[in-house]
Amino acid sequence: MSGHDKTPTAAPCRGSLPFGPPVPEAFVAAMQGRRVGLAVSGGGDSMAMLHLLAGRLDLAVVTVDHGLRPEAADEARMVGQVARSLGLPHWTLRWQAPSGGNLMDLARRARMELMGAWARQQGVSHIAMAHTADDQMETFFMRLARASGVQGLSGMRQAWVENGVTWHRPLLDLGREDLRAYLRGIGAQWAEDPSNDNPKYDRVKVRQAAPHLAALGITPKEICQTVSHLARAEEALSTALAAMVARHVQIDRGDVVVSLEGLEGEVQGEFRRRLFAVILGWIGGGAYAPRGPKLETFCRDLAQTRTLAGVQRSQKGGSVRFTRELAAVAQQVVAVSSAQITQWDRWRVGRDGPEAQGETGAYACRGLTIAALGKEGLAQCPDWRATGVPRASLLASPAVWDGPTLLAAPLAGLPNGWNAEIATPFTRSMLFTR
């Protein structure tokens, strides 16, 4: 639910913030002629970003109220008032928190999804977030505590694409206290989230340790420089892996097929671990790729069939194939939408031809469901071998059912006027995600 106030790769840190004010000029130059969304929570960092960029770009301000704190609604209203005083439109997006689960992680993902949907509705293709050099340092130490490799320790990116939007961190080379000094200097207001001082959060623990680290010469500036070096190493590794993928990887109707020659030659060690993690994320759909011993085991003994994170890996002939595991989707049943396309797991399933249009098509879809083809369904597809798709892959593929009756299995040679395609194609940019 949303409300609109209708009145109108890591870089090294710079020094202290000068008055006058320190507009991130490279970002401003890159965004000229575009409508840019600003994610403003009301905290000091995002309020500084709002003031720094106001009047320099065509801006739309958005605040997400997670409903987790009673003060959040007042903070959203404050952001709206300041935005209007600067002549900028403002929206508040609200999220209903579920019960259970990792609430902070759920809130972060919900925030990105809400803002991504809002951006698409408003014709906004770029959104700026106000992470700072201090956030970069905190992220570095949190990942260090999890024994992250180069990929994790290369820090937060300055720009990336997610949910159909390009996200930016234009303040990533500025310090948190410098931004607050700027706000005090211009007499601007901001809100302090009390959770920022709650030591139960790892990020706050790092923040509280910062003075002790500074005594050793470890400051956000030095960490940003280290992260910058690691980010360049990460870029080189990802670029090399992308070249290997072009030579050895193919996508076959939702499966990933990797040549055994490549896996026994170029794609070993760190390259294999990275590639397998990306494949697991793309096919399995998990928010985070498996790490540590489980991933290491999955990368070994290619001749042995293994499963991890809803993905099955098997070897046949000169290739290794990754496919969706039947057990991961066996209980997923989705009612066919009256719209043309229905999302099921990784697939977009729809009808071919004019019968898919209008009331007749919608009426014909009532009561139908989409579920995994499974063994019983595959037994009703006499031509499945002619498709060239392995049995294990077809078992976990989408099928259209009328109660217990199989109507269509688009990948198993029984389309009956239905089609299925992967919702999110496998792209090279996935290899550069961190």
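Which residue in E16 is the bridge partner of Ala 335? It is Thr 369. I will come back to that pair after some conventions.

This is a predicted model, so to speak of local features we need a pLDDT of at least 70, side-chain atom pairs count only at pLDDT 80 or more, and totals for chains, interfaces and linings use all residues. Residues are numbered from 1 along each chain as its sequence is written, and side-chain values use heavy atoms, with hydrogens and water left out.

Confidence next. pLDDT is the predictor's confidence in each residue, from 0 to 100. The chain average is 87, and 89% of the residues score at least 70. Over residues 6–16 the pLDDT is below 50, and beyond near neighbours in sequence this stretch has 38 contacts in the model, a contact being heavy atoms within 4.5 Å. Residues 356–363 are also below 50, with seven contacts beyond near neighbours in sequence. Where pLDDT is low, the predicted coordinates should not be read in detail.

Now the sheet. Helices (H or I, at least four residues) and strands (E, at least two) are DSSP runs, numbered from the N terminus. Two strands pair if DSSP finds at least two bridges between them. Four strands, in the order E13-E16-E17-E18, make an open sheet with antiparallel pairing. Strand E13 (334–335) and strand E18 (405–408) are at the edges with a single partner strand each, so one side of each has no neighbour in the sheet. E13 is joined to strand E16, residues 369–372, by two bridges, and the two run antiparallel. The opening pair, Ala 335 and Thr 369 in E16, are bridge partners.

Two loop residues have a positive phi without being glycine. Asp 345 has a phi of about 50° and sits in the loop between strand E14 (341–344) and strand E15 (347–351). Asn 416 has a phi of about 45° and is in the loop between E18 and strand E19 (418–422).

On to helix H8, residues 202–215. H8 has 14 residues and reaches 21 Å from its first C-alpha to its last, close to the 20 Å expected at 1.5 Å a residue; the expected span is 1.5 Å times one less than the number of residues. Where does H8 bend? The bend is at Ala 209, by about 45°, and Pro 211 follows within four residues. The bend is the angle between axes fitted to the seven residues ending at a residue and the seven starting there. Buried means under 20% relative accessible area, exposed over 50%, and partly exposed in between, with a 1.4 Å probe and protein chains only. The buried residues of H8 are Val 204, Val 206 and Leu 213, and they pack against helix H5 (133–145). Just after H8, Gly 217 takes a positive phi of about 85°.

Helix H9, residues 220–248, contains Ser 238. Ser 238 is buried, at 1% relative accessible area. Beyond its neighbours within four places in sequence, Ser 238 contacts Arg 274, Leu 431 and Phe 432. Ser 228 lies in H9 too, and counts as buried at 6% relative accessibility. Ser 228 and Leu 153 are 75 residues apart in sequence and 9.7 Å apart in space, C-alpha to C-alpha.

Last, the cysteines. How many disulfides does the structure hold? Zero, with a disulfide taken as a pair of cysteine sulfur atoms within 2.5 Å. Cys 299 is buried at 6% relative accessibility, and Cys 381 is buried at 2%.
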